[in-house]
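Colleague: Hi! Could you walk me through this one?

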Amino acid sequence: MDILHRIEIDVPASQVYQALTEQEKLSAWWAKCETSGQAGDPATFYFGCNQDHSVTMKIVSLEKDKNVRWQCIDGPWANMGEFEFSLEDTERGSALNFSHRNWPDGDNFFRHCNAKWALFLGGSLKPLLEEGKGVPNPHEPSI
């Protein structure tokens, strides 16, 4: 099973790429982050009101303004495929195609994560880039 989302954002792909690779911007739309933003390095995200839950992604590859790939090396998605953010320029700005492929099944965790990715991409990353304010964890709506 795969999680797939496409979000159109009214900014150039270069700005979306920055929000997917820079520590400050990742923290502003998804969760508090510690990373160098360089391929091969980790990116650790802290979740929860007390930031007591973490997920570490390895930055597998970067193609400037085009593609970002992560693999979870510690946390609930460890060894569960790759996360890919593919960018393309559009008439209005850009489109972000997100995928997290190769889930073992469509259980409740899959459904929850699918909904949360839609929420964070469309309800936090998009407004961060278009309006200047995201809704990162732990401030996102409960679903």
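Modeller: Sure, we'll look at one serine, then the largest pocket, then a backbone oddity.
Modeller: This is a predicted model, where local features need pLDDT of at least 70, side-chain atom pairs count only at pLDDT 80 or more, and totals for chains, interfaces and linings use all residues. Residues are numbered from 1 along each chain as its sequence is written, and side-chain values use heavy atoms, with hydrogens and water left out.

Colleague: Where is serine 54?
Modeller: Serine 54 sits in strand 4, residues 53-63. Strands (E, at least two residues) and helices (H or I, at least four) are DSSP runs, numbered from the N terminus.

Colleague: What does serine 54 touch, leaving aside neighbours within four places in sequence?
Modeller: Serine 54 is in contact with Thr44, Phe45, Tyr46, Asp74 and Gly75; contact means heavy atoms within 4.5 Å.

Colleague: And how far is serine 54 from serine 142?
Modeller: Their C-alpha atoms are separated by 19 Å, and the two serines are 88 residues apart along the chain.

Colleague: New topic: which element gives the largest share of the lining of the largest pocket?
Modeller: Helix 3 does, with six residues. A pocket is an open set of points on a 1 Å grid over the protein atoms alone, where a 1.4 Å probe fits, with protein on both sides within 12 Å along at least five of seven lines; lining residues have an atom within 4 Å of a point.

Colleague: Which peptide bond is cis?
Modeller: The one joining asparagine 137 and proline 138, with omega about 10°. Proline 138 is in the segment after helix 3. Most peptide bonds are trans.
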